[in-house]
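Me: I am new to this structure and would like a close look at one part of it. Please take it slowly and explain the terms as you go.
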Amino acid sequence: MLDAVSDNERLSLYCEALLADPRITVLQILDMQRPLELARVYVQLRLSEERQPRYDTPVHDEESTETTEDDANVWIEEERQRRERRVEVIYDPEKALHTFHHCVITGDSGAGKTTLLRHLAIMAARGSIAGMLLPIYVELQSFVHSGLHDLLDFVSATWEEAYAFPAQQARLLLANHLDEGKALLLLDALDETLVGETPQIAEQSYEAVSQTILNIAADYPKASMVVTISKACYRQHKPLASFTTLELMDFRFEDVKQFVHNWYDAAHDLHAEEKSADLIKRVDAVSYTHLR
């Protein structure tokens with residue numbers, strides 16, 4: 001087993017390498033001439049958990065003389081009351097990590113799921129998330145294409161190639177930190193594991209990765225795990241057992257303004273203030289037109 005000193009040294013070197021990895025820390029959109037630093041552009045995202053109300057068992061009165069129409073009206077009124085009792089709880093991502101050990105983050109395409117996972121990896125590597133000592137970021141599609149069946153073997157091989165971290169030592173460190181609850185496993189884009197020449201093969205690929213995730217959750221119950229997937233895809237598949245579903249919320253107008261300011265600032269644009277003010281004005285005008 002690796003001694004504590006060498007563990008700490010290797011962990012420190014790994015975190016430094018991750019923070020220098022442009023695949024994690026740089027935002028590149030389409031044909032941008034100059035990629036931007038993700039940490040400077042990022043705007044705090046919000047996650048929502050919809051808690052369903054408790055459905056009380058209706059009391060049947062065999063002697064009731066209510067008509068069918070009356071029954072329908074009663075049902076409609078009860079349904080309205082149930083909807084009003086439904087509660088949506090809002091979390092910032094860091095709080096969600098400490099509230100739920102295992103969660104699935106859903107959202108539409110382009111909503112920012114991957115950006116959020118990379119942000120969490122950066123924050124954990126910087127030591128900014130309490131209790132999260134080892135960020136483990138995984139592109140699940142790359143895992144599928146690797147041909148490996150053990151996710152930790154894939155991570156170990158990736159670390160050896162990308163960060164010169166010996167695979168055998170990485171595998172031991174991964175297992176130890178996951179077992180002790182000192183790791184944050186960030187699994188990106190489960191929907192992109194639908195890979196195969198036929199729909200049947202693609203479904204088998206998805207199911208195999210889903211089972212791998214469930215196995216890790218069972219083997220390392222103390223480890224924090226976050227999985228992202230498109231909302232549409234997750235609705236079409238069986239939910240991951242024991243994982244709480246959270247939905248990535250849309251930007252509020254103040255979030256849009258902050259993002260625009262961050263974008264031009266990160267781009268070192270000489271006319272950042274003027275351009276950001278103009279873009280915000282146009283976004284506000286479009287939003288107002290849609291609300292009318």
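How many nonpolar, polar and charged residues are there in the lining of the second largest pocket?

Reply: A word on the model comes before the answer. This is a predicted model, in which local features need pLDDT of at least 70 and side-chain atom pairs count only at pLDDT 80 or more, while totals for chains, interfaces and linings use all residues. Residues are numbered from 1 along each chain as its sequence is written, and side-chain values use heavy atoms, with hydrogens and water left out.

The lining of the second largest pocket has eight nonpolar, seven polar and eight charged residues. Here Ala, Val, Leu, Ile, Met, Phe, Trp, Tyr, Cys and Pro count as nonpolar, Asp, Glu, Lys and Arg as charged, and the others, Gly among them, as polar. A pocket is an open set of points, on a 1 Å grid over the protein atoms alone, where a 1.4 Å probe fits and protein lies on both sides within 12 Å along at least five of seven lines; its lining residues have an atom within 4 Å of a point. Grid points are joined across faces, edges and corners, and a volume is the space filled by probe spheres set on the points.

By that reckoning the second largest pocket has a volume of about 500 Å³. Its lining comprises 23 residues, and those nearest its centre are Thr106, Lys231, Leu246, Glu247 and Leu248. At least two lining residues come from each of strand E3 (47–51), strand E5 (102–107), helix H11 (231–235) and strand E9 (244–248), and E9 has the largest share, with four residues. Helices (H or I, at least four residues) and strands (E, at least two) are DSSP runs, numbered from the N terminus, and the chain holds 13 helices and nine strands.

The largest pocket makes a useful companion to this one. Its volume is about 680 Å³, and of the 30 residues that line it, Gly110, Gly112, Lys113, Thr114 and Thr115 are the closest to its centre. Its lining has 14 nonpolar, ten polar and six charged residues. Helix H6 (113–125) is among the elements that each supply at least two lining residues, as are strand E1 (26–27), helix H3 (38–41), helix H7 (140–146) and strand E8 (224–230); of these contributions, H6 gives the most, with four residues.

H6 therefore deserves a few words, since eleven of its 13 residues are buried and it is largely enclosed by the rest of the structure. Buried means under 20% relative accessible area, with exposed over 50% and partly exposed in between (1.4 Å probe, protein chains only). Lys113 is one of the buried residues of H6, which also include Leu116, Arg118 and His119. From its first C-alpha to its last, H6 reaches 19 Å, close to the 18 Å expected at 1.5 Å a residue; the expected span of a helix is 1.5 Å times one less than its number of residues. Gly127 follows H6 and has a positive phi, near 80°.

For the setting of both pockets, buried residues make up 40% of the 292 residues in the chain. Contacts (heavy atoms within 4.5 Å) often link distant positions: among those with a separation of 6 or more, 75% are between residues 24 or more positions apart.
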